[in-house]
Amino acid sequence: GVSQSKDAIKNAKKKLEKAEKEYKNYTKKVQEQKKKEAEQEKKAKAAAQKALQDEEKKIKELEAESKKLAALKETSQKELEKKAKLLEAEKKALQKMKATTK
């Protein structure tokens, strides 16, 4: 019975070593997976951040553009008003001249 128990101990040790090896491999795989996931998450976050920055840049450009347009509109409006006043003045002057020539 002694040799049988020695074999049993040997087998148990082998099984234990195999189990430990498998566990180490498993934990290594898990850590690699976690590392990969963390890297992917990091990449995804960076991409999202960049997309957000690009969007913000576009918005700022559009805002600047619309401010420019608003300013242009305002100046052309003022120019038109000035021209209208000049035309009105000319019209009045012409009417006066007509009245005096009659």
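Helices (H or I, at least four residues) and strands (E, at least two) are DSSP runs, numbered from the N terminus. The model is predicted: local features need pLDDT of at least 70, side-chain atom pairs count only at pLDDT 80 or more, and totals for chains, interfaces and linings use all residues. Residues are numbered from 1 along each chain as its sequence is written, and side-chain values use heavy atoms, with hydrogens and water left out.

**Exercise 1. Overall form**

Task: state how many helices and strands the protein has, and decide whether the protein is more spread out than a compact globule or not.

Solution.
- Step 1. The count is one helix and zero strands.
- Step 2. The radius of gyration is taken over C-alpha atoms, and the globule rule is 2.2 Å times the number of residues to the power 0.38.
- Step 3. For 102 residues the rule gives 13 Å; the protein has 44 Å, well over that value, so it is more spread out than a compact globule.
- Step 4. The C-alpha trace spans about 150 × 10 × 5 Å along the principal axes of the protein.

**Exercise 2. Surface**

Task: find what percentage of the 102 residues count as buried, and how much area the protein exposes.

Solution.
- Step 1. Apply the classes: buried is under 20% relative accessible area, exposed is over 50%, and partly exposed is in between (1.4 Å probe, protein chains only).
- Step 2. The buried share of the 102 residues is 0%.
- Step 3. Accessible areas come from the Shrake-Rupley method with a 1.4 Å probe; for residues, only the protein chains shown count as cover.
- Step 4. About 10600 Å² is exposed, and carbon and sulfur atoms supply 58% of it.
- Step 5. As single cases, V2 in helix α1 counts as exposed because its relative accessibility is 61%, whereas A89, also placed in helix α1, is partly exposed at 46%.

**Exercise 3. Charges and salt bridges**

Task: count the positive and negative side chains, then say which residues meet K50, K58 and K78 in salt bridges.

Solution.
- Step 1. Lys and Arg count as positive, Asp and Glu as negative; His and the chain ends are not counted. The place of a charge is NZ of Lys, CZ of Arg, CG of Asp or CD of Glu.
- Step 2. There are 32 positive and 19 negative side chains, with the centres of the two sets 1 Å apart.
- Step 3. Side chains of opposite charge can pair when their charged atoms come close. The cut-off for a salt bridge is a side-chain nitrogen of Lys or Arg within 4 Å of a carboxyl oxygen of Asp or Glu.
- Step 4. Searching the whole structure gives four salt bridges, including the ones below.
- Step 5. K50 pairs with D54 at 3.1 Å, N to O. Both lie in helix α1 (residues 2-101), four residues apart, about one turn of the helix. D54 is partly exposed, at 35% relative accessibility.
- Step 6. K58 pairs with E55, with 3.8 Å between the closest N and O atoms. These two are three residues apart in helix α1, so about one helical turn separates them. K58 is partly exposed at 47%, and E55 is partly exposed at 41%.
- Step 7. K78 pairs with E74, the closest N and O atoms being 3.6 Å apart. Four residues, about one turn of the helix, lie between their positions in α1. E74 is partly exposed at 48%.

**Exercise 4. Distances along the chain**

Task: what separates the C-alpha atoms of V2 and K14, of E74 and E55, and of A89 and K29?

Solution.
- Step 1. V2 and K14 are twelve residues apart along the chain, and their C-alpha atoms are separated by 18 Å.
- Step 2. For E74 and E55, 19 residues apart, the separation is 28 Å.
- Step 3. For A89 and K29, 60 residues apart, the separation is 89 Å.
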